[in-house]
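Here are some notes to read alongside the structure, meant for someone opening it for the first time. Have the viewer ready and go point by point.

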Amino acid sequence: MPAPKSVLVVSLRYFGDLLLTTPLIRAVARGFEGAAVDVLVTEGAGAVLEGNADVRNILTVATRPRLGESAALVRRLWRRYDLAVIAETGDRPHLYGFFAASRRAGLLAPEVLARWWKAPRLDVTRESYAVVNVAPRFRYKRWHVRGWCALFEWLHARGMRIVVSGGNAPEEREYVHEILAESAVPTIDIGGRLGFGETADLLRGAALYVGPDTATSHLAAACGTPSVVLFGPTDPRLWGPIPRRGLATPYAAVAASQRRGNVLLLQEPSLSCVPCQREGCERHRESFSACLDALTAASAIEAAQALLTRSAVSTRT
C-alpha cells in the first residue's frame, strides 16, 4: 500500500498502558518516514506523551463520553487519516479507528465473536514481490551487473515489486549502488535495515527469491520461499541450501540446474573446474569467478519462470 502521510494511534487505557505504547508510536513514526502521527488517548493520560518528538498532536476523549461528545469526536476524526493503528482490543478504540481511516491495523481479541467486525476490510490488494540479494559478503561469489539488470527488467515486466536485501558493509552497499545506478527499474532497497528475524518474515511473504551463495539464500530455502540460488566455486554437495522440507536427494557436484524442493540451484557446467571450492580464479576473496561471470541472465530468468509457474499451479490446486 502507499505509505501513509497521516496516522492515528488509538490507546484509551491508562498511564502504564499508554507508556508501553510509546515504542509502537516510535516504530510507526520511523517506519513511515515523514508521516504525521497523532495519538488518541483518554483525558488525563496524555501527560505521558508530553514532549514526545514522535507525536504531532494528542487528541483526548472522556473515559465515559456522552453521546454528543462521541458524535463530535467522530465528526472530527472522520476519514481524516490515511491509517489508524489500534493498540488494544476493545470495541471503542476500534470504532474510533474505523471512523478515522479506511485502512487499519490493530490488536484483535482471540474470541471470534469479539473480533469479526473489527478485522479491516482493506480496499487494497497485496502486491507480489521478489526479494533479490545481489551482494554477497565476498567478491568471488558475485554475479555480474548485466545479469541482475536483466533479471530486474524481467521481474518488473511481470508486474512484481523488487526488494533488494543485503548487509550494510561498505563494499556490499557499493555493489548494490552500482547495480541500481545501471538499472532503470524501480526497486525497494532495504540493505542493512532488517535483522535476521525480520528478513525471514520478508522472505516468507515473497513470491520469489534470487541470490548467490549467501546466508540469506539458506534462510530463503528454509522459509519455503521459491528460491533461485546462483552457485560458482562453492561445492553444493557441502554447502547447497536445504529446502524447507529437507533434502531428500543430495546435490550433485555440478549441473546446469538442480531442483530440490523449493530451491532451484544454478551452476555453469561448461567450465571443467566447477566447483573448484576455491576463493575465485585468483584464489582470494576479492577475486572474480569465471563460472559466475559465464552464468547467463537467461538461465536465471528461466529458473525464476519455472518456480513462479509451479507456485501458481500449486496455489490454484
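1. Let's start with a pair of valines: Val-9 stands opposite Val-85 in strand S4. Keep in mind throughout that this is a predicted model. The two strands behind that pair are S1 and S4 (residues 83-86), which pair in the parallel sense over four bridges.

2. Val-9 has a partner in another strand too. In S2, its bridge partner is Val-39. Strand S2 covers residues 36-42, and five bridges join S1 to it, with the two strands running parallel. To get from S1 to S2, the chain passes through helix H1 (residues 15-31), and this β-α-β crossover is right-handed.

3. Is S1 buried or exposed? Five of the five residues of this strand (residues 6-10) are buried, so S1 is largely enclosed by the rest of the structure. If you look at the strand face by face, Ser-6, Leu-8 and Val-10 are on one side and Val-7 and Val-9 on the other. Both faces are covered, and all of these residues are buried.

4. Now have a look at Arg-104, which lies in strand S5 (residues 104-106). With a relative accessible area of 12%, Arg-104 falls under the 20% cut-off, so the residue counts as buried. Pick out Leu-83 as well: along the chain Arg-104 and Leu-83 are 21 residues apart, while their C-alpha atoms are separated by 5.6 Å.

5. On to charged pairs. How many salt bridges does the structure hold? There are nine salt bridges. One joins Asp-38 and Arg-56, where the closest N and O atoms are 2.8 Å apart. Asp-38 sits in strand S2 and Arg-56 in the loop between S2 and strand S3 (57-61), so the pair ties together parts that are 18 residues apart in sequence. As for their surroundings, Asp-38 counts as buried at 0% relative accessibility, whereas Arg-56 counts as partly exposed at 45%.

6. Another salt bridge to look up is the one between Arg-66 and Glu-69, with the closest N and O atoms 3.9 Å apart. Arg-66 has a relative accessibility of 64% and counts as exposed. Glu-69, at 37%, counts as partly exposed.

7. Asp-189 and Arg-173 are worth finding too, since their side chains meet in a salt bridge (2.5 Å, N to O). This pair links distant parts of the chain: Asp-189 belongs to strand S8 (residues 188-189) and Arg-173 to helix H6 (residues 170-182), 16 residues apart. Asp-189 counts as partly exposed at 21% relative accessibility, while Arg-173 is buried, with a relative accessible area of 17%. Why do these two get different labels? The cut-off for buried is under 20%, so Arg-173 at 17% makes it and Asp-189 at 21% does not.

8. Next comes Ser-217, whose place is in helix H8 (residues 215-223). At 1% relative accessibility, Ser-217 counts as buried. Which residues does Ser-217 touch, not counting residues up to four places away in sequence? The answer is Tyr-209, Gly-211, Pro-212, Val-229 and Pro-241.

9. Stay with H8 for the second largest pocket, which has a volume of about 380 Å³. Its lining has 20 residues, of which Asn-133, Gly-166, Gly-167, Ala-215 and Thr-216 lie nearest its centre. Helix H7 (196-204) and H8 are the elements that give two or more residues to this lining. The largest share, three residues, comes from H8.

10. Last stop: strand S12 (residues 263-266). Val-263 and Leu-265 point one way from S12, Leu-264 and Leu-266 point the other way, and all are buried. S12 runs parallel to strand S10 (residues 227-230), to which four bridges join it. Four bridges also join S12 to strand S11 (residues 257-260), but here the strands run antiparallel. Leu-266 shows up in both pairings: Leu-230 stands opposite it, and so does Ser-257.

11. One detail to check by eye is the hairpin of S11 and S12, which has two residues between the strands. There, Gly-261 takes a positive phi near 60 degrees.

Definitions and conventions:
Residues are numbered from 1 along each chain as its sequence is written. This is a predicted model: local features need pLDDT of at least 70, side-chain atom pairs count only at pLDDT 80 or more; totals for chains, interfaces and linings use all residues. Side-chain values use heavy atoms; hydrogens and water are left out. Buried means under 20% relative accessible area, exposed over 50%, partly exposed in between (1.4 Å probe, protein chains only). Two strands pair if DSSP finds at least two bridges between them. A crossover is right-handed if, with the strands pointing away from the viewer, the path from the first strand over the helix to the second runs clockwise. A salt bridge is a side-chain nitrogen of Lys or Arg within 4 Å of a carboxyl oxygen of Asp or Glu. Contact means heavy atoms within 4.5 Å. On a 1 Å grid over the protein atoms alone, a cavity is a set of points where a 1.4 Å probe fits but cannot get out, and a pocket is an open set with protein on both sides within 12 Å along at least five of seven lines; lining residues have an atom within 4 Å of a point. Grid points are joined across faces, edges and corners, and a volume is the space filled by probe spheres set on the points.
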